[in-house]
Amino acid sequence: MTKRLAVILIGLGLLTGAALPPTGPVPTEKPSAPADQPAVPAPAEKPPEGEESAPAPVPAPGPPPAEDVVPAEKPEDAPAPAPKVRLPGPPPPARGLPPVPGLQPAKPAAIRVAPEDPEQFAACQAELKTLGTVFETAPPIDDGEGCGMSNPIVVREILPGIKLAPEATFRCETALQLAKLTRETIIPAARIALADKGELKAIQQASAYVCRNRNSAATGKISEHAYGNAIDIAGLEFDKGSVPMVIAAQDDGTFPAAFQRSLNAAACLYFTTVLSPGSDDAHKDHLHLDVIERKSGYRFCR
Ligand SMILES: [Zn+2]
């Protein structure tokens, strides 16, 4: 009898034990975090990927840019970086010129410069005409490897009677900024600083549209010249002689140096990239100007 009782009791014990909440090491609620323990900040997932994490497009005060554009901050070009995407298709013509007239931009994804907005392009042309620029439109250029533009123009005279020598092919916006810079700064400043040279007759350009990488390097980023966004000025031709672009030291007290410094500085009001003569090794004898678009309208001028 007692045996049976014991068995029953044991059985009951097991049953109740199973039904009751465990009394042992219970997985109580989450370990109540000690109040004084600082909350662990959520791990900032995605560590900055090496570059352009800074919101403000401030140029890294680091190494000088390779050319054309600042490599360091590079906040420009909203569209995906997609540099030089090669799409299947007909082999691109040999890199460089001349542009192939009539060749449709069959690889729009490879052209970083977006097609011109028709209204903006029309407005740009109207402004150029108002300024007296002598130009004509040209067929789209697609030289492959990302080089090209949808609405090139060929400029012969940047302002009435002032040639662009040799004539240049580039985007309307580039021409417009150059025309304004010439009219509003180069001519008035030259009349003061270079009065003995007479009137401006031509802007000597060293490079407008050309399908190449920055600094003409074999590899690397494509140059703004390859989008029609850039112009290199090598010198200015006046009635009484030419004036080359020169490295103008701050302590050079001559009029020509003052003129060059004025031009370098004023160009930044029109172009978003200005690389003055002497700004780096690749720019010793010319003034590089381009209209690349950067976030927040940032300009890179040195
Ligand atoms: Zn250039």
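Visitor: Which residue takes a positive phi in the hairpin of strand 4 and strand 5?
Guide: Gly-161 does, with a phi near 80°. Two residues sit between the strands of this hairpin. Keep in mind that this is a predicted model.

Visitor: What makes strand 4 and strand 5 a pair?
Guide: Bridges. Strand 4 (residues 152-159) and strand 5 (residues 162-171) are joined by six of them. Two strands pair if there are at least two bridges between them, so strands 4 and 5 qualify. They run antiparallel. Ile-153 faces Phe-170 of strand 5 across this pairing.

Visitor: In which sense do strand 5 and strand 6 pair?
Guide: In the parallel sense, over three bridges. Strand 6 covers residues 200-207. Here Leu-164 stands opposite Ile-203. Between these strands, the chain passes through helix 3. That makes a β-α-β crossover, and its hand is left.

Visitor: Why is Pro-256 called partly exposed?
Guide: Count the C-beta atoms around it. Pro-256 has 15 C-beta neighbours inside 10 Å. Buried needs 20 or more, and exposed needs 12 or fewer. The count of 15 falls in between, so Pro-256 is partly exposed. This proline lies in helix 4. Beyond residues up to four places away in sequence, Pro-256 touches Ala-193, Leu-194 and Val-243.

Visitor: How do you know that the span of helix 4 agrees with its number of residues?
Guide: Helix 4 has 13 residues, 255-267. At 1.5 Å a residue, the expected span is 18 Å. The end C-alpha atoms are 18 Å apart, so the two values agree.

Visitor: What makes the buried residues of helix 4 line one face?
Guide: Start with the names. They are Phe-259, Gln-260, Leu-263, Asn-264 and Ala-267. Seen down the helix axis, these buried residues fall within an arc of 135°, so they line one face. Their cover includes helix 3, strand 9 (273-275) and strand 10 (287-290).

Visitor: Why does Leu-131 count as partly exposed?
Guide: Leu-131 has 16 other C-beta atoms within 10 Å. The cut-offs are 20 or more for buried and 12 or fewer for exposed. Its 16 lies in between, so Leu-131 is partly exposed. Leu-131 belongs to helix 2. Just after that helix, Gly-132 takes a positive phi of about 90°.

Visitor: Which residues is Leu-131 in contact with, leaving aside its neighbours within four places in sequence?
Guide: Leu-159, Ala-179 and Arg-183. Take Ala-179. Along the chain, Leu-131 and Ala-179 are 48 residues apart, yet their C-alpha atoms are separated by 7.5 Å.

Visitor: How many residues has the largest nonpolar core?
Guide: It has 40. Ile-158, Ala-175, Ile-231, Ala-267 and Leu-289 have the most contacts inside it. Helix 3 (residues 172-193) gives the most to this core, with nine residues. Another core, of six residues, lies apart from it. Among its members are Ile-141, Cys-147, Cys-211 and Ala-226.

Visitor: Which residues is Ala-175 in contact with, leaving aside its neighbours within four places in sequence?
Guide: Leu-128, Thr-133, Phe-135, Ile-153, Val-155 and Phe-170. Ile-153 and Phe-170 are the residues that stand opposite each other in strands 4 and 5.

Visitor: What does the secondary structure of the protein chain come to?
Guide: Four helices and 11 strands. Of the 302 residues, 32% count as buried.

Key
Residues numbered from 1 in each chain as written. Predicted model: local features only at pLDDT ≥ 70, side-chain atom pairs only at ≥ 80, totals over all residues. Core = buried A, V, L, I, M, F, W, Y, C linked by C-beta atoms within 7 Å. Contact = placed C-beta atoms within 7 Å. Expected span 1.5 Å × (residues − 1). Arc of directions from axis to C-beta. Right-handed = clockwise from strand over helix to strand, strands pointing away.
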